[in-house]
Amino acid sequence: MRDVRVLPVDYAAWLSGIKQHVQNVQQRAVLAVNRELVLLYWQIGRDILERQQAQGWGAKVIDQLARDLTAAFPDMKGFSRRNLLYMRSFAEAWPEPTFVQEVLAQLPWYHQVTLLDKLKTRSDREWYLAKAIEHGWSRNVMWHHISTALHLRSGNAVTNFEQRLPRPDSELAQQTLKDPYLFDFLGVSEDALERDIEGAMVRHITKLLMELGEGFAFAGRQVHVEVADEDFYIDLLFYNYRLHRFLVVELKGGAFKPEHAGQLNFYVTLVDERLKSADDQPTIGLLLCKQQHRIVAEYALRGMTQPIGVAEYKLQLPDDLARYLPSIEQIEAELQDEAASDDEDAPA
């Protein structure tokens, strides 16, 4: 006869708690290992840098160091010539040990390599560093934001938030909007109709949410609201769980016109009256158009009672942003370098 054991009533909850504790310890262990690895690489990089500057050591010393360290620690990856050069660049870019210990050590090593590879100034690196720590970006997400020059676009939309929202809400809301928005993933032509673009946005909702930014959730498309026996439809509706407010998005296929702001003002009012709960903050609106005309938008927004922003959207990357994207040749070269690095780092 099968042995049937009756477990205590609270066993499942107890087991769940143990599992969560084990996972927390594992995560802290991973973070601790990463921290020590980043600090080790910085120390090695600083030693190389100091000896090169003081004693004139050349590249051959780094070649020899890579061979010796790999031989001494065959089970430890990371001592290839290429990675040692990254360590040197890392120490050169961030010379302050306190900053490395308290800030940089929060991110994995290959985040650091991406910052060194893709950005040239310390101010740009610090901007993405802070955002990656704040939002927990993976390396791929961080690379995506760098490649689309997020730091040049964040908070750049024309808005009336300063007049319509109290501080610090106005500043936080301003930083959630960009200009321009880049919808290069949609796969529609430059002269596509508004509904075609809108439909493509919904089909690519994951990438759309990434472009909108942190904290956004999709709430609906062509959201129906009836007023005085008339039907109205909101193009796109989102909710930001960080700001605790709805975002109404209206899409216009042409240039911005002042009457567009009036229509969006009406929709924002409807959402506040019909959809917003007592716990939600006031709704904000975003008008996306093919051409913005900043001065016209600034005048138009002065008369609006609701917090509204106006920004351009682009279906292809503009030339000034395309420079952040690697060429096919660069990608192939990087892949070849990584393959060679893996061979060097492989255990003997």
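His260 sits in helix H13, which spans residues 258-274. In this predicted model, His260 comes out as buried because its relative accessible area is 13%, under the 20% cut-off. Leaving aside residues up to four places away in sequence, the side of the structure that His260 touches consists of Lys252, Ala255 and Leu287.

Stepping back to the whole protein chain, there are 16 helices and seven strands. The chain has 348 residues, and 41% of them count as buried. Its accessible surface adds up to about 19400 Å², with 53% of that belonging to carbon and sulfur atoms. As for contacts with a separation of 6 or more, 65% are between residues 24 or more positions apart.

One such link in space involves Leu107, which is placed in the loop between helix H4 (97-102) and helix H5 (109-118). Leu107 and Asn34 are 73 residues apart in sequence, yet their C-alpha atoms are 7.7 Å apart. With a relative accessible area of 4%, Leu107 is buried. Not counting residues up to four places away in sequence, Leu107 touches Asn34, Val38, Gln112, Leu129, Ala132 and Ile133.

Next along the chain comes H5 itself. Seven of its 10 residues are buried, so H5 is largely enclosed by the rest of the structure. The buried set runs Trp109, His111, Gln112, Val113, Thr114, Leu115 and Leu116. These residues pack against helix H1 (11-55), helix H3 (81-93), H6 and H7. Trp109 also turns up in an aromatic cluster, together with Tyr41 and Phe90.

On the aromatic side, a search of the whole structure finds 11 pairs. In one of them, Tyr239 and Phe246, the ring centres are 5.0 Å apart and the planes are at 75 degrees, so the pair is edge-to-face. Phe246 counts as buried, at 12% relative accessibility.

Now for the pockets. The largest pocket holds about 510 Å³ of space. It is lined by 24 residues, and those closest to its centre are Lys131, His135, Gln175, Gly213 and Glu214. Two or more lining residues come from each of helix H6 (122-135), helix H7 (139-147), helix H10 (169-176) and helix H12 (205-212). H6 gives the largest share, at four residues. Sorted by class, the lining has 10 nonpolar, nine polar and five charged residues.

A few backbone details are worth a look too. Most residues other than glycine have a negative phi, and most peptide bonds are trans. Two prolines go against the second habit. Arg167 and Pro168 are joined by a cis peptide bond with omega of about 0 degrees, and Pro168 is in the loop between helix H9 (161-164) and H10. The bond from Asp179 to Pro180 is cis as well, with omega near 0 degrees; Pro180 lies in the loop between H10 and strand S2 (181-182).

As for phi, Ala149 has a positive value, near 50 degrees, and so does Ala228, also near 50 degrees. Their surroundings contrast: Ala149 is buried, at 0% relative accessibility, whereas Ala228 is exposed, with a relative accessible area of 69%. Ala149 is found in the loop between H7 and helix H8 (150-153), while Ala228 belongs to the loop between strand S3 (216-227) and strand S4 (230-240).

Methods. Residues are numbered from 1 along each chain as its sequence is written. This is a predicted model: local features need pLDDT of at least 70, side-chain atom pairs count only at pLDDT 80 or more; totals for chains, interfaces and linings use all residues. Side-chain values use heavy atoms; hydrogens and water are left out. Buried means under 20% relative accessible area, exposed over 50%, partly exposed in between (1.4 Å probe, protein chains only). Contact means heavy atoms within 4.5 Å. Accessible areas come from the Shrake-Rupley method with a 1.4 Å probe; for residues, only the protein chains shown count as cover. On a 1 Å grid over the protein atoms alone, a cavity is a set of points where a 1.4 Å probe fits but cannot get out, and a pocket is an open set with protein on both sides within 12 Å along at least five of seven lines; lining residues have an atom within 4 Å of a point. Grid points are joined across faces, edges and corners, and a volume is the space filled by probe spheres set on the points. Ala, Val, Leu, Ile, Met, Phe, Trp, Tyr, Cys and Pro count as nonpolar, Asp, Glu, Lys and Arg as charged, and the others, Gly among them, as polar. Rings of Phe, Tyr and Trp (its six-membered ring) pair if their centres lie within 6.5 Å; planes under 30 degrees apart count as stacked, over 60 as edge-to-face and the rest as tilted.
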